[in-house]
Amino acid sequence: MNLSDMYLSLGLSPAVYRYGEGILEDLRARFDTVDAVAEYNQAKVLAAMQQNRVSAACFAATTGYGYDDMGRDTLEKVYADVFHTEAALVRPQITCGTHALAVALSANLLPGDELLSPVGAPYDTLEEVIGIRPSQCSLREYGVGYRQVDLLPDGTFDYDGIRAAINDHTKLVTIQRSKGYATRPTFSVRQIGELIAFIKSVKPGLNVMVDNCYGEFVETMEPSDVGADMTVGSLIKNPGGGLAPIGGYIVGRAECVSRCAYRLSAPGLGQEVGANLGLLPALYQGLFLAPTVVAGALKGAIFAANIYERLGFRVVPDGREPRHDIIQAVELGSAEAMSAFCHGIQAAAPVDSYVMPEPWAMPGYDAEVIMAAGAFVQGSSIELSADGPIRPPYAVYFQGGLTWYHAKLGILLSLQKLVEKGLATLP
Ligand SMILES: *Cc1c(COP(=O)(O)O)cnc(C)c1O
């Protein structure tokens with residue numbers, strides 16, 4: 001059987017396959033750039049593991065309190081070196097990205113302090129953490145204020161607005177790198193560095209936290225290289241490499257990170273407690289694989305942008321612009337098209353390929369959300385997945401793919417479903 005017959009047996013028509021191959025021919029140079037970044041980041045991760053003398057002894061399971069957990073402490077040193085920071089908190093006890101962000105915020109804001117987002121509204125789940133939408137145990141309930149400065153219409157920073165919003169109470173600034181569920185651009189690490197420099201020139205001593213979800217290893221630099229006091233993310237996204245079954249990380253200045261540890265466990269205990277429960281091999285190996293896994297996901301995102309752009313759909317980022325995260329938004333214009341797209345992604349999965357995704361109310365989100373994922377780790381979005389809130393502009397956010405080939409099949413099958421429903425027409 002040749003390759004196009006193999007794809008036929010996976011549900012792909014010859015016409016869609018041929019269309020995809022035509023698009024790919026133009027993307028070779030882009031893919032070479034992606035590989036070059038992965039090679040650099042692989043070297044960075046390897047160097048950090050070697051310098052910290054990672055050994056088989058680091059993989060031993062601990063239970064109970066987890067005092068003197070050498071593998072856990074070494075992993076945190078490796079993360080600190082990869083991100084070039086003084087300290088790192090990397091724990092399976094951090095349950096997800098939102099949890100990591102909530103810990104970083106609540107540990108570094110006290111009653112009467114104000115949090116500033118200079119990049120518009122934060123990710124949906126943070127609205128409840130901050131108290132933008134009333135919620136139990138929000139920062140707002142504890143007397144922490146919040147201010148937001150929206151981006152200018154062209155997607156750039158409103159420097160005058162930001163200067164005006166910084167006041168005596170402003171204590172922490174939160175910058176979200178990735179677009180999340182918005183159709184604004186994702187910021188490059190360089191842009192984030194410029195924003196941080198500006199903020200610190202207005203009020204030296206302010207702490208800046210960057211929500212780095214989906215951004216890790218997309219560039220050769222991270223927000224921690226350009227002045228972020230805390231850089232925060234989820235291990236079931238990029239840095240877990242698809243192997244971490246749970247976890248989050250906070251890297252940054254020692255003073256900020258140790259407060260996070262006290263918030264996560266308890267005052268007085270901090271980083272000393274927290275058994276690893278046998279998860280360390282996956283956390284180490286996932287970090288080791290992360291640069292190449294992210295490269296595969298990036299190729300998938302670039303491919304998806306070009307596939308859909310040439311069919312007349314609005315895609316963010318567009319087919320040519322540089323990438324700063326692994327998310328690809330495709331505006332499909334209707335709930336029906338969102339469903340068809342998600343059915344294709346689901347049909348390509350190694351796990352649960354026979355399942356039909358349906359829109360559903362999700363904790364933390366204010367609209368129904370449709371999600372397609374057939375993942376080895378439940379909810380992992382470094383694995384191939386697509387999701388989006390069912391609301392205008394009916395954009396699906398496509399991300400991940402542990403291998404480029406799987407991402408490729410998923411994207412082509414999403415198009416297959418749209419074509420079959422008459423919701424997209426091949427040129
Ligand atoms: C995924 C994500 C989060 C939240 O992470 P969860 O693991 O889903 O809680 C926060 N911010 C951004 C930008 C994200 O992409």
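In this predicted model, a backbone N or O atom of G97 lies 2.8 Å from an oxygen atom of the ligand. Two side chains also come into polar contact with the ligand. In D211, a side-chain N or O atom is 2.6 Å from a nitrogen atom of the ligand. In K237, a polar side-chain atom is found 3.0 Å from a ligand oxygen atom. The protein buries 90% of the 380 Å² that the ligand exposes when taken alone. The three contacts are set out below.

| Residue | Part of the residue | Ligand atom | Distance |
|---|---|---|---|
| G97 | backbone N or O atom | oxygen | 2.8 Å |
| D211 | side-chain N or O atom | nitrogen | 2.6 Å |
| K237 | polar side-chain atom | oxygen | 3.0 Å |

**The shell around the ligand**

G97, D211 and K237 belong to a wider group of residues that surrounds the ligand. The other members of this group are C96, T98, L101, Y123, Q176, C213, Y214 and S234. Which helix gives the most to this shell? Helix 5, which covers residues 97–107, does so with three residues. By class, the shell consists of five nonpolar, four polar and two charged residues.

**The largest pocket**

The ligand takes up the space of the largest pocket. This pocket holds about 1000 Å³ of space. Its lining comprises 45 residues, and those closest to the centre of the pocket are M362, M371, G379, S380 and D387. Several elements of secondary structure contribute to the lining: helix 5, helix 6 (124–130), strand 10 (369–373) and strand 11 (385–389) each supply at least two residues. Strand 10 gives the most, with five residues. Helix 5 is thus found both in the lining of the pocket and in the shell around the ligand. With regard to class, the pocket lining is made up of 24 nonpolar, 16 polar and five charged residues.

**The largest cavity**

How many cavities of 30 Å³ or more does the model contain? The count comes to one. The largest cavity encloses about 40 Å³ of space. Its lining is formed by S117, V119, G120, A121, P122, L126, T174, Q176 and D211. Of these residues, four are nonpolar, four are polar and one is charged. Two residues of the cavity lining, Q176 and D211, also appear among the residues that surround the ligand. D211 therefore has two places in this description: a side-chain atom of D211 lies 2.6 Å from a ligand nitrogen atom, and D211 also lines the largest cavity.

Conventions
Residues are numbered from 1 along each chain as its sequence is written. This is a predicted model: local features need pLDDT of at least 70, side-chain atom pairs count only at pLDDT 80 or more; totals for chains, interfaces and linings use all residues. Side-chain values use heavy atoms; hydrogens and water are left out. A residue is near a molecule or strand if one of its heavy atoms lies within 4 Å of it. A polar contact is a pair of N or O atoms within 3.5 Å; within protein, one must be able to donate a hydrogen and the other to accept it, and residues adjacent in sequence count only if both atoms are side-chain atoms. Accessible areas come from the Shrake-Rupley method with a 1.4 Å probe; for residues, only the protein chains shown count as cover. On a 1 Å grid over the protein atoms alone, a cavity is a set of points where a 1.4 Å probe fits but cannot get out, and a pocket is an open set with protein on both sides within 12 Å along at least five of seven lines; lining residues have an atom within 4 Å of a point. A molecule sits in a cavity or pocket if more than half of its atoms lie within 2 Å of its grid points. Helices (H or I, at least four residues) and strands (E, at least two) are DSSP runs, numbered from the N terminus. Ala, Val, Leu, Ile, Met, Phe, Trp, Tyr, Cys and Pro count as nonpolar, Asp, Glu, Lys and Arg as charged, and the others, Gly among them, as polar. Grid points are joined across faces, edges and corners, and a volume is the space filled by probe spheres set on the points.
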